[in-house]
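The following questions and answers go through side-chain contacts and surface exposure in one protein chain. Each answer closes on the value or name that was asked for.

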Amino acid sequence: DRLLEEGKIIVLSIPKAVYKSVAGVVGTMMKLNFQDAVLARLARAERANAEVGRTCFFWCDEYDEIVTSPGDGVFFSKCREARCINLVALQSYAGLRMRLRERGAVEHVLANLTTKIWLGREDEATAVSAAELCGKVEREKASRSVAENSQQASFSVVDRRSIREGQVSASSSTHWQKREEFLFPPWSFTGLARFRAIVKAFDGANALPPWLVYVRPEEWRGV
């Protein structure tokens with residue numbers, strides 16, 4: 001609690017390759033302690049009918065290594081009142097499913113992460129889930145047909161071409177039909193190039209339409 005009020009930055013760097021399962025245990029415990037402190041601050045403010053205090057942040061890479069259920073889903077749904085902003089990064093949704101083992105638990109966590117940024121990833125399940133989340137739109141598709149008629153037609157076995165005699169008539173038609181399609185199909189996510197991402201953002205008041213963004217590399221800064 002004191003560290004939150006003082007605005008201290010706490011960094012945990014504990015390589016899993018060195019510390020094995022201990023790294024996951026320590027990371028999970030630190031995350032849970034942070035969540036408890038944030039929610040306790042909210043409870044005190046509600047009892048005293050006072051302000052929560054300064055804004056705090058939770059940043060986590062390889063989040064699928066320390067995710068817990070149902071705790072994280074509940075925390076993400078309440079932490080906005082406690083002025084806590086969460087930024088988590090993971091390799092794919094498959095990692096969450098392996099860790100949580102229940103589809104409902106995975107959806108509970110993802111549903112409370114209102115802004116999502118997808119980078120290129122060869123994971124079909126993640127791509128399909130992201131495409132469904134971005135929604136569908138109606139697009140007009142054209143279908144064309146061509147017909148040709150002749151009074152007499154035969155086939156040449158010499159040059160394997162059709163021979164037509166007499167009057168020949170031809171017709172073509174184009175038909176437009178509205179079809180419902182993914183705004184971003186699954187292949188859009190698996191085929192993303194470097195420094196590109198698809199973003200579905202929430203600006204604090206409204207959910208913004210998904211769009212394609214270009215990520216500026218570190219080495220391009222100042223250019």
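Q: How many aromatic pairs does the structure hold?
A: The model is predicted, and side-chain atom pairs count in it only at pLDDT 80 or more. Two rings pair if their centres lie within 6.5 Å. The number of aromatic pairs in the structure is seven.

Q: Are the ring planes of Y63 and F76 stacked, tilted or edge-to-face?
A: The ring centres of Y63 and F76 are 6.2 Å apart, and the planes stand at 45 degrees. Planes under 30 degrees apart count as stacked and those over 60 as edge-to-face. The angle of 45 degrees fits neither class, so the pair Y63 and F76 is tilted.

Q: How many residues apart are Y63 and F76, and which parts of the chain do they link?
A: Y63 belongs to the loop between strand 1 (56-60) and helix 4 (71-78), while F76 is in helix 4. Both Y63 and F76 are buried. The pair links distant parts of the chain, with a separation of 13 residues.

Q: Which class of ring pair do F184 and F189 form?
A: The centres of the F184 and F189 rings lie 6.4 Å apart, with the planes at 70 degrees. Angles over 60 degrees fall into one class. The pair F184 and F189 is therefore edge-to-face.

Q: Are F184 and F189 buried or exposed?
A: The cut-off for a buried residue is a relative accessible area under 20%. F184 has 15%, and F189 has 3%. Both values fall under the cut-off, so F184 and F189 are buried.

Q: Which residues do ring pairs link into a cluster?
A: Y63 and F76 are a tilted pair, and both belong to the cluster. The members linked by ring pairs are F34, F58, Y63, F75 and F76.

Q: Which ring does the charged end of K136 sit over?
A: The charged end of K136 is 4.9 Å from the centre of this ring. The ring belongs to F182.

Q: Why are R2 and E6 separated by about one helical turn, and what is the distance between their closest N and O atoms?
A: R2 and E6 are four residues apart in helix 1 (residues 2-6), which means a separation of about one helical turn. R2 is exposed at 56% relative accessible area, whereas E6 is partly exposed at 39%. They form a salt bridge, and the closest N and O atoms are apart by 3.5 Å.

Q: In the salt bridge of R41 and E5, which residue is buried?
A: The side chains of R41 and E5 meet at 3.8 Å, N to O. R41 is in helix 3 and E5 in helix 1, 36 residues apart. E5 is partly exposed at 38% relative accessible area. With 3% relative accessibility, the buried residue is R41.

Q: How many residues apart in sequence are the parts that E65 and K16 tie together?
A: E65 and K16 form a salt bridge whose closest N and O atoms are 2.9 Å apart. E65 is partly exposed at 31%, and K16 is partly exposed at 47%. E65 lies in the loop between strand 1 and helix 4 and K16 in helix 2, so the parts tied together are separated in sequence by 49 residues.

Q: Which element gives the largest share of the nonpolar patch?
A: The patch covers about 660 Å² of surface, and its residues include L3, Y19 and M30. Helix 2 (16-19) and helix 3 (21-48) each give two or more residues. The largest share is three residues, and they come from helix 3.

Terms used:
Residues numbered from 1 in each chain as written. Heavy atoms only, no water. Patch = residues over 30% accessible without salt bridge, like charges linked within 9 Å, V, L, I, M, F, W, Y side chains within 5 Å. Areas by Shrake-Rupley, 256 points an atom, 1.4 Å probe, with all protein chains shown as cover. Salt bridge = Lys/Arg side-chain N within 4 Å of Asp/Glu carboxyl O. Phe/Tyr/Trp six-rings, centres within 6.5 Å; stacked < 30°, edge-to-face > 60°. Buried < 20%, exposed > 50% of the residue type's maximum accessible area, 1.4 Å probe, protein only. Lys NZ or Arg CZ within 6 Å of the ring centre and 35° of its normal.
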